[in-house]
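Please find below some notes for a colleague who is opening this structure for the first time. They are best read with the sequence and the 3D view side by side.

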Amino acid sequence: MNIILLGPPGAGKGTQAKRLETRFGLVQLSTGDMLREAVASGSKLGRKAKEVMDAGQLMPDDLMILMIGDRIDQPDCRKGFILDGFPRTTPQAVALDQMLSEKGLQLDHVVEMKADEDDLVERISGRFTCAKCGMGYHERFKQPKQAGVCDVCRGTEFTRRDDDKESTVRRRLEAYHAQTEPILPYYEEKGILASVNGMAEIDEVARQIEGALAGHGA
Ligand code: AMP
């Protein structure tokens with residue numbers, strides 16, 4: 001099963017992608033995580049990505065299409081994948097379709113995670129991640145069970161994203177409305193789009209997504 005999670009920054013795509021990985025044995029493909037790895041490695045791509053991400057803008061389509069194409073070719077993707085953060089523009093969506101058909105693959109579901117704009121800013125500015133396993137937490141909504149210790153891997157170091165500052169978040173939301181939201185009708189026409197309420201409790205969102213994947217549109 002190949003899935004896209006589509007939604008504004010902070011809608012919970014990463015959190016739900018991790019749950020789907022466990023639940024269905026799929027692989028999460030997050031272009032944002034790939035770019036953050038490039039930034040951490042200090043490569044030429046990483047330096048460009050840092051500039052673009054800190055400005056709340058999007059990386060060029062051709063670069064992102066190559067990046068995801070290479071990743072989909074890896075053997076672990078054969079069991080199915082969850083795209084988180086890709087596609088983000090109509091050219092990316094069109095290129096993805098072409099790439100998948102060349103590989104003899106197809107998209108099964110696109111799940112839109114709807115969210116309220118002001119709530120998103122609050123959500124994003126409180127979030128932090130385990131530096132070791134990438135598990136996501138939130139100051140108000142999802143603290144680790146034991147303060148300062150990751151529930152999953154017992155790691156004790158946490159990081160925050162540079163682009164989670166309010167001013168950058170506002171620009172990322174603008175980019176979402178201008179460049180990513182217009183993709184939705186493309187998938188609606190193909191009959192594979194379902195929408196869920198991304199602002200519900202994490203378990204409830206997961207339940208709605210499972211319903212959508214089972215074909216009971218939410
Ligand atoms: P994310 O972790 O998905 O919120 O992505 C963080 C940042 O990485 C975005 O604000 C963009 O600057 C960049 N980015 C991630 N995925 C893409 C993509 N598919 N196309 C263009 N830029 C991207």
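1. To begin at the surface of this predicted model, Glu174 is exposed, with a relative accessible area of 53%, and this residue lies in helix H7, which covers residues 166-180. Glu174 gathers with Asp116, Glu117, Asp119 and Glu181 in a surface patch of negative charge.

2. The same helix can be followed through another pair of its residues: the side chains of Glu166 and Arg170 meet in a salt bridge, with 3.2 Å from N to O. The two residues are 4 apart in helix H7 and are therefore separated by about one helical turn. Glu166 is partly exposed at a relative accessible area of 46%, and Arg170 is likewise partly exposed, at 32%.

3. A further group of charged residues deserves attention, since salt bridges that share partners join Arg127, Arg161, Asp163, Asp164 and Arg172 into one network. Within this group, the side chains of Asp164 and Arg161 meet in a salt bridge of 3.9 Å, N to O. Asp164 counts as buried, because its relative accessibility is 9% and the limit for that term is under 20%, whereas Arg161 is partly exposed, with a relative accessible area of 26%.

4. The structure holds 20 salt bridges, and one of them links Asp162 with Lys50, the closest N and O atoms being 3.1 Å apart. Asp162 lies in the loop between E7 and H7, while Lys50 belongs to helix H3 (residues 44-54), so the pair ties together parts that are 112 residues apart in sequence. Lys50 counts as partly exposed, with a relative accessibility of 32%.

5. Turning to the aromatic side chains, the structure holds 4 aromatic pairs. Among them is the pair of Phe128 and Tyr137, which is stacked, with 5.8 Å centre to centre and 25° between the planes. Phe128 is buried, having a relative accessible area of 11%, and Tyr137 also counts as buried, at 3% relative accessibility.

6. Which residue forms an edge-to-face aromatic pair with Tyr137? The partner is Phe158, at 5.9 Å centre to centre and with 80° between the planes. Because Tyr137 lies in strand E6 (residues 136-138) and Phe158 in strand E7 (residues 158-159), this pair ties together parts that are 21 residues apart in sequence. Phe158 counts as partly exposed, at 26% relative accessibility. Taken together, Phe128, Tyr137 and Phe158 form one aromatic cluster.

Technical notes:
Residues numbered from 1 in each chain as written. Predicted model: local features only at pLDDT ≥ 70, side-chain atom pairs only at ≥ 80, totals over all residues. Heavy atoms only, no water. Patch = residues over 30% accessible without salt bridge, like charges linked within 9 Å, V, L, I, M, F, W, Y side chains within 5 Å. Areas by Shrake-Rupley, 256 points an atom, 1.4 Å probe, with all protein chains shown as cover. Salt bridge = Lys/Arg side-chain N within 4 Å of Asp/Glu carboxyl O. Lys, Arg positive; Asp, Glu negative; His and termini not counted. Charge placed at Lys NZ, Arg CZ, Asp CG, Glu CD. Buried < 20%, exposed > 50% of the residue type's maximum accessible area, 1.4 Å probe, protein only. Phe/Tyr/Trp six-rings, centres within 6.5 Å; stacked < 30°, edge-to-face > 60°.
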